[in-house]
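Biologist: I would like to learn how to read a model like this one, feature by feature. Could you take me through it?

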Amino acid sequence: TNTMLVQDVTSETALPNGHLPERDFAPAAHTSTPSLFSLADSTIVVTGGGRGIGQALAKGIAEAGGSVACLDVLPEPTNGDGEWDAIKKATSKTGASASYHVCDITNEELMLETFNKIEQASKGTVRGVVAGAGVQQMVPAIDYPMDGFRRIMEIKSVLLFSPQQDSEQTLLKNADSARIRHTALPALS
């Protein structure tokens with residue numbers, strides 16, 4: 001009965017000759033799912049990659065075959081439950097790499113310097129930036145200090161602009177290799 005349901009759905013979308021353009025002509029139709037989502041030969045920069053969601057995102061990138069360059073203000077990535085080890089293990093399975101860089105994303109000069117180092121080390125394979133940085137505070141909202149709130153807002157604002165700007169500046173220096181890509185800024189929430 002499942003086959004019958006699929007046939008009924010596809011017959012409604014088929015062209016007059018009975019072919020489905022997605023199935024017959026799209027390159028993705030003849031490509032395996034892992035290949036469609038492969039990040040092989042790519043380096044992705046992950047801000048906030050020292051812990052939490054940044055590390056989870058970095059692990060996903062590594063599992064998809066991409067190299068990751070994690071940035072954070074922490075002196076080294078956390079590994080309490082083996083998070084950093086899991087990232088390194090995932091990259092070793094695919095031949096990719098994982099690197100860690102101490103960097104405060106609100107320091108524009110340091111960000112540009114760090115992006116340049118990552119670009120040089122990756123031999124031109126930087127393909128994107130994942131903005132995962134944030135502020136983790138374990139304080140009740142009623143006791144939260146105003147300077148802490150300002151820091152959160154600064155990081156949120158910088159996340160929307162600085163990593164994309166710095167990556168584009170780095171890529172523009174190497175425009176002769178036709179590696180310039182457009183980055184989309186995330187929407188404000």
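Biologist: Let me begin with the cysteines. Is Cys-103 buried or exposed?

Modeller: This is a predicted model, and burial is read from relative accessible area, where buried means under 20%. Cys-103 has a relative accessible area of 2%, so it counts as buried. Cys-70 is buried as well, because its value is 0%.

Biologist: And how many disulfides are there?

Modeller: The test is a distance between cysteine sulfur atoms, with a cut-off of 2.5 Å. By that rule the count is 0 disulfides.

Biologist: Let me step back to the whole chain. How many helices and strands does it have?

Modeller: There are 7 helices and 4 strands. Read from the N terminus, the elements follow the order α-α-α-β-α-β-α-β-α-β-α. Of the 189 residues in the chain, 33% are buried. Among contacts with a separation of 6 or more, 65% are between residues 24 or more positions apart.

Biologist: How should I read the sheet, and in what order do its strands lie?

Modeller: Follow the pairing from one strand to the next. Here the 4 strands form an open sheet in the order 3-2-1-4, with parallel pairing. Strand 3 and strand 4 (126-131) are the edge strands, each pairing on one side only. On average, neighbouring strands of the sheet are turned by 20° against each other, direction ignored.

Biologist: Which residues can I use to find the pairing by eye?

Modeller: Try one bridge from each pair. Strand 1 (residues 43-47) runs parallel to strand 2, joined by 5 bridges, and Val-46 has Cys-70 in strand 2 as its bridge partner. Strand 2 (residues 67-72) also pairs with strand 3 in the parallel sense, again over 5 bridges. There, Ala-69 has Ser-99 in strand 3 as its bridge partner. Between these two strands the chain passes through helix 5, in a right-handed β-α-β crossover.

Biologist: Where do the helices lie relative to the strands?

Modeller: Look at which strands a helix contacts, then at the angle between the directions. Helix 5 lies across strand 2 and strand 3, and runs at about 140° to strand 3. Helix 4 (residues 52-63) lies across strand 1, strand 2 and strand 4, at about 170° to strand 2.

Biologist: Why is Thr-91 classed as it is, buried or exposed?

Modeller: Its relative accessible area is 3%, so Thr-91 is buried. Thr-91 belongs to helix 5 (residues 83-94). Beyond residues up to four places away in sequence, Thr-91 touches Ala-62, Gly-66, Ala-96, Ser-97 and Ala-98.

Biologist: What can I learn from His-101, and what does its side chain contact?

Modeller: Start with where the residue sits, then look at side-chain partners. His-101 is in strand 3 (residues 98-102), and its side chain makes a polar contact with the side chain of Ser-99 at 3.0 Å. Leaving out residues up to four places away in sequence, His-101 touches several others, including Cys-70, Asp-72, Thr-114 and Ile-118.

Biologist: One last residue: which class of exposure does Ile-152 have?

Modeller: Ile-152 is partly exposed, because its relative accessibility is 24%. Ile-152 lies in helix 7 (residues 146-173). Apart from neighbours within four places in sequence, Ile-152 is in contact with Val-135 and Tyr-144. To compare sequence and space, take Ala-133: Ile-152 and Ala-133 are 19 residues apart in sequence and 10.0 Å apart in space, C-alpha to C-alpha.

Methods: Residues are numbered from 1 along each chain as its sequence is written. This is a predicted model: local features need pLDDT of at least 70, side-chain atom pairs count only at pLDDT 80 or more; totals for chains, interfaces and linings use all residues. Side-chain values use heavy atoms; hydrogens and water are left out. A polar contact is a pair of N or O atoms within 3.5 Å; within protein, one must be able to donate a hydrogen and the other to accept it, and residues adjacent in sequence count only if both atoms are side-chain atoms. Contact means heavy atoms within 4.5 Å. Buried means under 20% relative accessible area, exposed over 50%, partly exposed in between (1.4 Å probe, protein chains only). Two strands pair if DSSP finds at least two bridges between them. A crossover is right-handed if, with the strands pointing away from the viewer, the path from the first strand over the helix to the second runs clockwise. Axes are lines fitted to C-alpha atoms, for helices over the stretch in contact, and angles run from 0 to 180 degrees between N-to-C directions.
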